[in-house]
Amino acid sequence: MDPIDFNPDDLDRVISESERSVRNLAGMLDELSLVTGQGESRSGAVTARVDADGRLEELRLAPRASRLELDELTEEIVQAVRTAQDDQSRRLRDVIPPASFGGLSAEAVTRQFQDLQDGLSRELNDRFDALEAIRRRVLSDD
């Protein structure tokens with residue numbers, strides 16, 4: 001928006017777009033708060049559900065769980081809870097769109113930034129080496 005060519009309609013448009021963005025963000029936050037995860041142990045003796053924060057919300061033991069040894073039951077519980085947490089994480093990734101910068105993924109941007117940083121470091125090292133060579137020549141001429 002050019003301040004010289006200010007038009008009140010531009011301000012109305014910007015306000016409308018901002019309000020729409022805030023509503024979309026609020027909707028996404030509501031949706032995130034509803035994302036839970038379900039999991040089951042390998043044998044199916046234990047099922048678990050975690051809430052939107054990944055905390056255990058429900059744990060159910062099938063009747064056959066009572067026949068398991070304590071260490072086996074413990075392992076089944078851990079498996080079910082981890083599976084539920086993994087499910088919740090996967091569902092969150094489905095709700096949150098991947099970060100993109102100019103059509104590039106966050107990983108691609110990070111790689112490009114690292115390449116730039118590496119190139120700059122090499123260039124600076126080359127320049128410092130050249131300056132050191134000049135310094136040595138000047139000192140040897142004295």
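This passage walks through the fold, the strands, helix H2 and the core of a predicted model.

Starting with the overall layout, the protein has three helices and five strands. Read from the N terminus, these elements come in the order α-β-β-β-α-β-β-α. Of the 142 residues, 15% are buried. The accessible surface adds up to about 11200 Å², and carbon and sulfur atoms account for 54% of that area. As for how the chain meets itself, 49% of the contacts with a separation of 6 or more link residues that sit 24 or more positions apart.

Next come strands E1, E2 and E3. Strand E1 covers residues 37-40 and pairs with E2 in the antiparallel sense, through four bridges. Within this pairing, Gly-37 lies opposite Val-50 of E2. In a regular strand, side chains alternate between the two faces of the sheet. E1 shows a covered face made of Gly-37 and Gly-39, while Gln-38 and Glu-40 are on the uncovered one. The E1-E2 hairpin leaves five residues between its strands, and here Gly-44 adopts a positive phi near 85°.

On its other pairing, E2 runs antiparallel to E3 (residues 56-61), with five bridges joining the two. One bridge puts Arg-49 together with Glu-58 in E3. The E2-E3 hairpin also has five residues between the strands, with Gly-54 taking a positive phi near 85°.

Helix H2 takes up residues 70-95, and its length checks out: at 1.5 Å a residue, its 26 residues should span 38 Å, and the end C-alpha atoms are indeed 38 Å apart. Its buried residues are Leu-73, Glu-76, Gln-79, Ala-80, Val-81, Ala-84, Asp-87, Gln-88 and Val-95. An α-helix has 3.6 residues a turn, so residues three or four places apart point the same way. The buried set of H2 includes Leu-73, Glu-76 and Ala-80, and further along Ala-84, Asp-87 and Gln-88.

That leaves the core. In soluble globular proteins, nonpolar side chains tend to be buried together. Here the largest nonpolar core holds nine residues: Ala-45, Val-46, Ala-48, Val-50, Ala-65, Leu-73, Ala-80, Val-81 and Ala-84. Strand E2 (46-50) and H2 each bring at least two residues to this core, and H2 gives the most, with four. Ala-80 is a handy residue to look at in the structure. Leaving aside residues up to four places away in sequence, Ala-80 touches Gly-39, Glu-40, Ser-41, Val-46, Thr-47 and Ala-48. Two of these partners, Val-46 and Ala-48, are themselves members of the core.

Conventions: Residues are numbered from 1 along each chain as its sequence is written. This is a predicted model: local features need pLDDT of at least 70, side-chain atom pairs count only at pLDDT 80 or more; totals for chains, interfaces and linings use all residues. Side-chain values use heavy atoms; hydrogens and water are left out. The expected span of a helix is 1.5 Å times one less than its number of residues. Buried means under 20% relative accessible area, exposed over 50%, partly exposed in between (1.4 Å probe, protein chains only). A nonpolar core is a set of buried Ala, Val, Leu, Ile, Met, Phe, Trp, Tyr and Cys residues joined through side-chain atoms within 4.5 Å. Contact means heavy atoms within 4.5 Å. Accessible areas come from the Shrake-Rupley method with a 1.4 Å probe; for residues, only the protein chains shown count as cover. Two strands pair if DSSP finds at least two bridges between them.
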